[in-house]
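Open your viewer, show the chain as a cartoon, and keep the selection box handy. We will move from stop to stop, with a selection to make at each one.

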Amino acid sequence: MALSAGDILAHLPGLPMPGSQPDVAVVIPLYINAPWVEETLASVRAQALAPAEGGVVDDGSTDGGPDRVDALPGVRLVESPGNGASAARRHGQNLTTAPLIVFLDADDLWDPEHLRLLAAALDTDPDAGAAVGRTQSFLDGDVRQRRRPPRLATTSVDPWDQFPSTFTSTPSSVLIRRRVLESTGGWVQGIIGCADFYTWLRLSERGPLVQNHATPVWRRKHLTSHSARLRSSPDHVLRYNPSKATAAQPALDSRVRARPDKADESRRLSVAVDTMPAIASGGLASDRDRVSAAASALEAALEGFPESRVRAFLRN
């Protein structure tokens, strides 16, 4: 059972707050999420720090989701002129002006303290471009267990520490300073399945990021989710890692210029990313020799890396 705002506020009488209540924009891309979007919007309405603006950006849904949203009072629904989640996020970004912005997936859920905690986390470091909270995945239909109320406990976080894995599983967990996001060029199209990966790396070029060590975001797992659809496509399996390498390259080049001591590590990680399509294509073709050769190349590229980082890479 999810905690209510009243349950949490009763436990947090001394929660640190930003010096002034910041304006936050919430942008929700919508595509084939009709069964869940109303619950997602209810979690936005329950926020202790109420968003100043935002809305739902429909990306061409055909399952009745826009009709459900349109029937709700006080919810702004617009159509995306582009195609894909990145285009929808960019459109929502362009239609809002609040200095802080967050992009909530239409099947994810927020604890009522999510925005307030991340705004307070950002306030601990005026130079930070974004704050991220932890996420808890759950299978659609499962009852979420009552959990300890989230609290403020921030540290600095560097996406490169987990490169080439993505340091957070959903954009729903990240509150971003608009000026910093715009300085990176914002959400880009044409990067299949890893535009968020690109965005976090580019944000880290502009300054530090902070992480709040609490779990105020629930990420719903279901068969029709965007990630599930991509992972079930053999074509996507073959294109994912080259796309990820392309997404990382501009930020990687900048990283190497700033940290020449990281040049060899960056090169080796790029090789590791490039070997993954060979493993996937060999597996799809049931060609054991191709898989074995590609796996040997991957092993060589990752030799010397900490085991925890290798495991994170393979999971990704």
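Which residues of α4 are buried? Select Ser86, Ala87, Ala88, Arg89, His91, Gly92 and Gln93: these are the buried residues of helix α4, where buried means under 20% relative accessible area, exposed over 50%, and partly exposed in between (1.4 Å probe, protein chains only). Helix α4 spans residues 85–94, and seven of its 10 residues are buried, leaving the helix mostly covered. Now show what lies over them: the cover includes β1, β2, β3 (77–79), β4, α6 and α7. Element names follow DSSP runs numbered from the N terminus, with helices (H or I) of at least four residues and strands (E) of at least two.

**Before going further**

This is a predicted model, in which local features need pLDDT of at least 70, side-chain atom pairs count only at pLDDT 80 or more, and totals for chains, interfaces and linings use all residues. Residues are numbered from 1 along each chain as its sequence is written, and side-chain values use heavy atoms, with hydrogens and water left out.

Colour the chain by pLDDT, the predictor's confidence in each residue, from 0 to 100. The chain has a mean pLDDT of 80, and 73% of its residues reach 70 or more. Then select residues 1–18, where the pLDDT is below 50; this stretch has 38 contacts in the model beyond near neighbours in sequence. A contact means heavy atoms within 4.5 Å.

Zoom out for the overall picture. The chain has 12 helices and nine strands, and 51% of its 316 residues count as buried. Among contacts between residues at least 6 apart in sequence, 82% join residues at least 24 apart.

**Stop one: helix α2**

Select residues 34–45. Helix α2 has 12 residues and reaches 18 Å from its first C-alpha to its last, close to the expected 16 Å, which is 1.5 Å times one less than the number of residues. Within α2, highlight Ala34, Trp36, Val37, Thr40, Leu41, Ser43 and Val44, its buried residues. They cover an arc of only 155° around the axis, so they sit on the same side of α2; the arc is taken from the directions from the helix axis to the C-beta atoms. Add β1 (24–30), β2 (53–58), α3 (65–70), β5 (109–110) and β9 (209–221) to see what the buried residues of α2 pack against.

Just before the helix, pick Ile32, in the loop between β1 and α2. Ile32 is not a glycine, yet its phi is positive, at about 55°. Most residues other than glycine have a negative phi. With a relative accessible area of 19%, Ile32 is buried.

On the other side, the loop between α2 and β2 holds Ala52. Ala52 has 47% relative accessibility and therefore counts as partly exposed. Leaving aside neighbours within four places in sequence, Ala52 contacts Asp23 and Val24. Try a distance label, too: the C-alpha atoms of Ala52 and Ala98 are 7.3 Å apart, although 46 residues separate them along the chain.

**Stop two: the nonpolar cores**

A nonpolar core here is a set of buried Ala, Val, Leu, Ile, Met, Phe, Trp, Tyr and Cys residues joined through side-chain atoms within 4.5 Å. The largest has 27 residues, and Val24, Val26, Ile28, Leu41, Trp110, Leu115 and Leu175 have the most contacts inside it. Two or more residues each come from β1, α2, β4 (100–103), α5 (114–123) and β9, and α5 gives the largest share, five residues.

Centre on Val26. Not counting residues up to four places away in sequence, Val26 touches Pro51, Glu53, Gly54, Gly55, Val102, Leu104, Trp110 and Leu115. A second, separate core of 21 residues includes Phe103, Val157, Trp187 and Leu203.

**Stop three: the aromatic rings**

How many aromatic pairs does a search of the whole structure find? There are three. Rings of Phe, Tyr and Trp (its six-membered ring) pair if their centres lie within 6.5 Å; planes under 30 degrees apart are stacked, over 60 edge-to-face, and the rest tilted.

Show Phe103 and Trp187, an edge-to-face pair at 5.3 Å centre to centre with 75° between the planes. Phe103 lies in strand β4 and Trp187 in the loop between α6 (178–183) and α7 (195–206), so the pair ties together parts 84 residues apart in sequence. Both Phe103 and Trp187 are buried.

Next, add Trp200. The ring centres of Trp187 and Trp200 are 5.9 Å apart and their planes are at 80°, so this pair is edge-to-face. Trp200 belongs to helix α7, 13 residues from Trp187, and both Trp187 and Trp200 are buried. Finish by adding Phe167: Phe103, Phe167, Trp187 and Trp200 form one aromatic cluster.
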